[in-house]
Amino acid sequence: LSKAELIAEHEHRVIRSMTQDFAFPSVIRLFQYVRAPFRTVEPTRKNIHRRDEHKCQYCGTGKPPLTIDHVFPKSRGGEDTWENMVCACIRCNNRKGNRTPTEAHMPLQRTPRRPTLVMLLRLHQRKLDERWKPFLFL
């Protein structure tokens with residue numbers, strides 16, 4: 001329909017119809033801009049674990065089971081935000097308890113920040129398709 005142009009395709013993969021074969025697209029370019037709604041990344045358990053690379057932010061261990069810890073405890077007014085939740089092993093989470101990291105003398109290895117959608121996709125998709133790199137602003 002002349003709405004998009006194929007920039008890069010997957011080799012050895014095709015889309016078949018009854019009468020034609022089409023290249024399986026990897027990167028396409030739209031001829032008209034389509035405004036997409038801004039997507040925010042929600043601070044879910046899975047996303048927090050991805051952001052923190054499945055490691056305790058207090059001791060650095062990656063052994064499961066890992067929990068979610070509130071840097072400023074919920075019982076003292078802490079909220080469920082990206083900046084207040086980190087991945088923690090059970091031992092460190094219990095040791096920290098109802099205190100802040102400063103009060104518990106347990107410094108964070110990294111300051112928790114809100115990730116971008118591209119950052120989370122990169123963490124989730126370990127192997128990035130080389131054909132995408134010029135288009136992802138990495």
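## Ser-2 and the start of the chain

Ser-2 is exposed, with a relative accessible area of 66%. In this predicted model, Ser-2 sits in the segment before strand 1 (4-16). Its backbone is worth a look. Phi of Ser-2 is near 60°, a positive value in a residue other than glycine.

What lies 9.0 Å from Ser-2 in space, C-alpha to C-alpha, although 28 residues apart in sequence? The partner is Leu-30. Leu-30 belongs to strand 2 (residues 21-30). Leu-30 has a relative accessibility of 46% and counts as partly exposed. Leaving aside residues up to four places away in sequence, Leu-30 touches Lys-3 and Ala-4.

## His-105

His-105 also has a positive phi, near 55°, and is a residue other than glycine. Is His-105 buried or exposed? His-105 is exposed, with a relative accessible area of 68%. Exposed here means over 50% relative accessible area, so the 68% of His-105 passes the cut-off. The residue lies in the loop between helix 2 (90-96) and helix 3 (117-124).

## A cis peptide bond

Which peptide bond is cis? The bond from Pro-64 to Pro-65 is cis, with omega near 0°. Pro-65 is placed in the loop between helix 1 (45-51) and strand 3 (66-70).

## Strands 3 and 4

Strand 3 and strand 4 (residues 85-89) run antiparallel, and 5 bridges join them. Two of the facing pairs can be named. Thr-67 stands opposite Ala-88 in strand 4. Asp-69 stands opposite Val-86 in strand 4.

How much of each strand is covered? In strand 3, 4 of its 5 residues are buried. In strand 4, 5 of its 5 residues are buried. The side chains of strand 4 go two ways. Met-85, Cys-87 and Cys-89 point one way. Val-86 and Ala-88 point the other way. Both sets are buried. Buried means under 20% relative accessible area, so each of these strand 4 residues falls below that cut-off.

## Overall layout

The chain holds 3 helices and 4 strands. Read from the N terminus, the order of elements is β-β-α-β-β-α-α. The radius of gyration of the chain is 21 Å. The globule rule gives 14 Å for 138 residues, and the chain is well over that, so it is more spread out than a compact globule. Along its principal axes, the C-alpha trace spans about 65 × 30 × 25 Å.

Contacts in the chain can be sorted by distance in sequence. Take the contacts between residues at least 6 apart in sequence: 57% of them join residues at least 24 apart.

## Surface and charge

What share of the 138 residues is buried? Buried residues make up 29% of the chain. The accessible surface of the chain comes to about 10,600 Å². Of that surface, 55% belongs to carbon and sulfur atoms.

The chain carries 26 positive and 14 negative side chains. The centres of the two sets lie 5 Å apart.

Terms used
Residues are numbered from 1 along each chain as its sequence is written. This is a predicted model: local features need pLDDT of at least 70, side-chain atom pairs count only at pLDDT 80 or more; totals for chains, interfaces and linings use all residues. Side-chain values use heavy atoms; hydrogens and water are left out. The radius of gyration is taken over C-alpha atoms; the globule rule is 2.2 Å times the number of residues to the power 0.38. Buried means under 20% relative accessible area, exposed over 50%, partly exposed in between (1.4 Å probe, protein chains only). Contact means heavy atoms within 4.5 Å. Accessible areas come from the Shrake-Rupley method with a 1.4 Å probe; for residues, only the protein chains shown count as cover. Lys and Arg count as positive and Asp and Glu as negative; His and the chain ends are not counted. The place of a charge is taken as NZ of Lys, CZ of Arg, CG of Asp or CD of Glu. Two strands pair if DSSP finds at least two bridges between them.
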